[in-house]
Amino acid sequence: MEQVTVENVQLLHAKNDDHGGVVVELEEHMDSDVFLTLLKTSLSEWTMQGKKGVWIKIPILLVNLVEPAVKEGFCYHHAESDYVMLVKWIPETTSTIPANASHRVGVGAVVLNHKREVATHHFGLYYILLLLLFIIILFVDLQQMLVVQEKNGPLRGKGIWKVPTGIVDVGEDICTGVIREVKEETGIDTEFVEVLAFRQWHKSFFEKSDLFFVCMMRPLSFDIQIQEVEIEAAKWMPLEDVAAQPFAQKESLLKYITDLCIAKVERDYSGFSPHPVTSGYIYLNKRDLN
């Protein structure tokens, strides 16, 4: 039976995640009443431990366990062909559990021959993904960057200063979502400038792919007010100090970000700015286009 014993109390077997929660992956058959008893006991223990989100992965052959979990306050998060993922937010605070993956990526090929004739094709290959934001706010005059230390996640407690990050909500544009995320985490008002770069990463969140957009922002205010639930600290930091962190020297993504900032400040690197089209925005290098 998938359970553990803590001080003679049987609990469901769970693994800690990086954000103060737990993940339960059920595999063996279990009677619904037995599961309900273990779930109630486990929830009490996890509440005392200060856990936040509780994820329960239920395979299709154990569908009988869905109903008792739902009656204990669990909601559907997402489902695949062979399982359903349920989730419950324990604290009496606003849930920070991200929504299910909601975007897809299409690729369009533009092929030029030597006569500059164009052949185009839209490939029918899509990835279900999460749309993530990597936010850069650079006060160019002083070359200072807005950076944070996180209370949750893999960098928690490591003393690493990084740029604010976040997830775009369903139906939200990149240029709108990034402004919201900065405001929520640091209290700073900003104006979207451009996308400097993006990264594609597979098997990021429950086997989903994600796109990670690096966005340049212009600050409209400067007094920091941190979001205490998710952010440990925030400050304006000289760009060279951000780049000098050992983590920034060895971690390729953060190193690229600082290199992009230097290129933007010193060599007028041009990214992709949003321009309205009938179906939303197209992000392009307007300077070179003109």
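How far apart should the ends of helix H3 (residues 174-186) lie at 1.5 Å a residue, and what is the distance between its end C-alpha atoms? For its 13 residues the expected span is 18 Å, and the end C-alpha atoms are 18 Å apart, so the two agree. The model is predicted. The points below cover helix H3, the aromatic pairs and the charges placed over rings.

**Helix H3**
- The buried residues of H3 are Ile174, Cys175, Gly177, Val178, Arg180, Glu181, Val182, Glu185 and Thr186.
- Charged residues appear in that buried set, including Arg180, Glu181 and Glu185.
- Glycine 187 follows H3 and has a positive phi, near 80°.

**Aromatic pairs**
- Four aromatic pairs are found in a search of the whole structure.
- In one of them, phenylalanine 192 and tyrosine 283 have ring centres 6.2 Å apart and planes at 80°, so this pair is edge-to-face.
- The pair connects distant parts of the chain, with phenylalanine 192 in strand S14 (residues 190-205) and tyrosine 283 in strand S18 (residues 280-284), 91 residues apart.
- Phenylalanine 192 has 12% relative accessibility and therefore counts as buried, the limit being under 20%.
- Tyrosine 283, at 23% relative accessibility, counts as partly exposed because its value falls between 20% and 50%.
- Phe192, Tyr281 and Tyr283 are joined into a cluster by ring pairs.

**Charges over rings**
- Lysine 57 has its charged end over the ring of tyrosine 83, 4.5 Å from the ring centre.
- Arginine 199 lies over the face of phenylalanine 212, 4.4 Å from the centre of that ring.

How values were computed. Residues are numbered from 1 along each chain as its sequence is written. This is a predicted model: local features need pLDDT of at least 70, side-chain atom pairs count only at pLDDT 80 or more; totals for chains, interfaces and linings use all residues. Side-chain values use heavy atoms; hydrogens and water are left out. Helices (H or I, at least four residues) and strands (E, at least two) are DSSP runs, numbered from the N terminus. The expected span of a helix is 1.5 Å times one less than its number of residues. Buried means under 20% relative accessible area, exposed over 50%, partly exposed in between (1.4 Å probe, protein chains only). Rings of Phe, Tyr and Trp (its six-membered ring) pair if their centres lie within 6.5 Å; planes under 30 degrees apart count as stacked, over 60 as edge-to-face and the rest as tilted. A charge sits over a ring if NZ of Lys or CZ of Arg is within 6 Å of the ring centre and within 35 degrees of the ring normal.
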